[in-house]
Amino acid sequence: MPLPSSKRRQRPISGPKSQVQGSARTRVLRRRQPLPHSPHIPAPSSLVSIPPQGSHDGALSQIESLLESILDAVINGADLVIPYQTARSSPGVSPAASGAGGARQMTTEVVKFPGRNIQEVKRFDALLRILELSHEALLTGNLITKRNIYYQNTELFRSQSAVNDMVDNLAFTLGVGRGDLNIVAAARGLIAGPIDVMMRNGATVHYGHGLSGGNGNLIPPINSVDKVDFHNTRWLLVIEKEATFRTLANSGYSSTSRAGHGILVTAKGFPDLVTRRFLSTLHSVRPQLNVFALVDFDPHGVSILRTFQYGSQRLDHEENVTLPHLKWLGIRSLDIMSRSSIIMSHSLQDPQSGDSQTSQEFSSQGSLAYPLGSSDDERPAKRPKYNYPRDSNESVAPLTRDDRKKAVSVMKQICGERGFDSAGLEQMQELQRMLMLNVKAEIQTVDNFGDIADWLDERLSV
């Protein structure tokens, strides 16, 4: 395989641009009149520059040094060697703990050519191909996706997951982030709201305007973004379910909420690295922006929430991908207690569910609303209980055996943190309630009770 030239060239940056069409929900929310908005004359502080991300020059120089060492080995007739490290957090240790010096399992090896067997030869060829593609991308300033790497070399890689692991481990070996290699995952996350994003290639995307605004736009890699005009947005809501995101986006909720203008984001389930880094950067340049999460009331929803807050175990070496100040808006046990008969019937289905707390015990606590602009030291305000109508479309179900295993795993992660904070305590309590009540609920549960926009207005209201 010919080695790429190490000659440096100008590196313009471009990002993927796509449009998402269609809706995952048949029922749309009632449309409201948008709040007053003047995008033509932004406030001076609303336009924010995005600092350069990572160290592309450092990654480029390290790749070139590695390729030069391989070339020297070819000239001298020595074995060709690629260093290769893998790192994982120890089982039961949370990303927050491992990132702060917790236990990690690291494996260091070298992949040689000629190899000890045919598998090592193929592995060397695959790693060299990734290095070559990354080197070319860094020189040209283009971004390549892991998906393209796989489909352009299907005979070389066993599967897409093999490409994913090799890219992440090569980045860890070089001491850089995946984005520093100009290798990104295929765009997946969606964003909608009255903000404008100016790309480094000169293009401007108006996320709250045009025909595509209702369905959301794909979130771009943050290293392709030059500036963001937040206008007068006050909040950002991360939504687990794409269906709920589309329902709110199609109704124009980001511009009609009684809590003011805001931004809607979804990663379509478990968060990808592009979405996590995008959100982390937005909050770092706009710290006054209140950030909330809306996830299912189940162990996987709590796990998704914690991944946004603290990162993942597999990629805990990545930097600038966390949202430690992300607030859990819902849904929680308090939001489903009005269906006490359903919850009690589910808890009786599993003899392992244990004793359940009564609905009166939870409902007497009231529900919490986060006042926008308030400090973390202020006591959350209470809101009156809803009188929700019953609906035949049930979104509440008993926990499965896998759900219980996941709940225990997440609680172990929380306990693994040294002196976990109030957010961790809150998550622990909610997981315990899930197990005791033997119940889980989807976000649509709130929607089945009535209009989810009203529920969000009261939770986000000042």
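## Sheets, a helix pair and a cavity

In β10, Lys-227 is the bridge partner of Met-198. This is a predicted model, and that residue pair is a good place to enter it. Met-198 belongs to a pairing between β7, residues 196–199, and β10, residues 225–229. The two strands run antiparallel and share four bridges. Another position in this part of the sheet is Met-199, which stands opposite Val-225 in β10.

Now look at the other partner of β10. Strand β1 is joined to β10 by three bridges, again in the antiparallel sense. Here Ser-49 has Lys-227 of β10 as its bridge partner. So which residue of β10 links the two pairings? Lys-227 is named in both: as the partner of Met-198 and as the partner of Ser-49.

Step back to the whole sheet. It has four strands in the order β1-β10-β7-β8. The sheet is open, and its pairing is antiparallel. Why do β1 and β8 each have one side without a neighbour in the sheet? Strands β1 (47–49) and β8 (204–206) stand at the edges with a single partner strand each, so one side of each is left free of a neighbour in the sheet. Neighbouring strands here are turned against each other by 20 degrees on average, ignoring direction.

As background, strands of a sheet pair through backbone hydrogen bonds, and the pairing can be parallel or antiparallel.

A further sheet has six strands. Their order is β9-β6-β12-β11-β13-β14. This sheet is open too, but its pairing is mixed. Its edge strands are β9 (217–218) and β14 (327–330), each pairing on one side only. At the β14 end, β13 (residues 290–294) and β14 run parallel and are joined by three bridges. One bridge partner in β14 is Gly-330, which goes with Leu-294.

Gly-330 also takes part in an unusual backbone feature. The peptide bond from Gly-330 to Ile-331 is cis, with omega near -5 degrees. Ile-331 lies in the loop between β14 and α10 (333–336). A second cis bond runs from Phe-113 to Pro-114, with omega near 0 degrees. Pro-114 is found in the loop between β3 (104–113) and α3 (118–140). Phi deserves a check as well. Asn-182 is not a glycine, yet its phi is positive, at about 60 degrees. Asn-182 sits in the loop between α5 (160–174) and β5 (183–184). For context, most residues other than glycine have a negative phi, and most peptide bonds are trans.

Return to the six-stranded sheet. Helix α8 lies across four strands: β6 (190–192), β11 (235–239), β12 (262–266) and β13. Against β11, α8 runs at about 165 degrees.

Helix α8 matters for the next stop, a cavity. There are two cavities of 30 Å³ or more. The second largest holds about 30 Å³ of space. Which helix gives the most to the lining of the second largest cavity? Helix α8 (residues 273–285) does, with three residues. The full lining of this cavity is Leu-236, Leu-279, Leu-282, His-283, Leu-289, Val-291 and Leu-323. By class, that lining has six nonpolar residues, one polar and no charged.

Finally, turn to a pair of helices. Helix α9 (residues 299–310) packs with helix α14 (residues 422–437). The angle is about 170 degrees, and the axes are 10 Å apart. An angle over 145 degrees counts as roughly antiparallel, so α9 is roughly antiparallel to α14. From α9, the contact uses Pro-299, Val-302, Leu-305, Arg-306, Gln-309 and Tyr-310. From α14 come Ala-423, Gln-427, Leu-431 and Met-434. How does this contact divide by class? Seven of its residues are nonpolar, two are polar and one is charged.

Terms used. Residues are numbered from 1 along each chain as its sequence is written. This is a predicted model: local features need pLDDT of at least 70, side-chain atom pairs count only at pLDDT 80 or more; totals for chains, interfaces and linings use all residues. Side-chain values use heavy atoms; hydrogens and water are left out. Two strands pair if DSSP finds at least two bridges between them. Axes are lines fitted to C-alpha atoms, for helices over the stretch in contact, and angles run from 0 to 180 degrees between N-to-C directions. Angles under 35 degrees count as roughly parallel, over 145 as roughly antiparallel, 65 to 115 as roughly perpendicular and the rest as oblique. Contact means heavy atoms within 4.5 Å. Ala, Val, Leu, Ile, Met, Phe, Trp, Tyr, Cys and Pro count as nonpolar, Asp, Glu, Lys and Arg as charged, and the others, Gly among them, as polar. On a 1 Å grid over the protein atoms alone, a cavity is a set of points where a 1.4 Å probe fits but cannot get out, and a pocket is an open set with protein on both sides within 12 Å along at least five of seven lines; lining residues have an atom within 4 Å of a point. Grid points are joined across faces, edges and corners, and a volume is the space filled by probe spheres set on the points.
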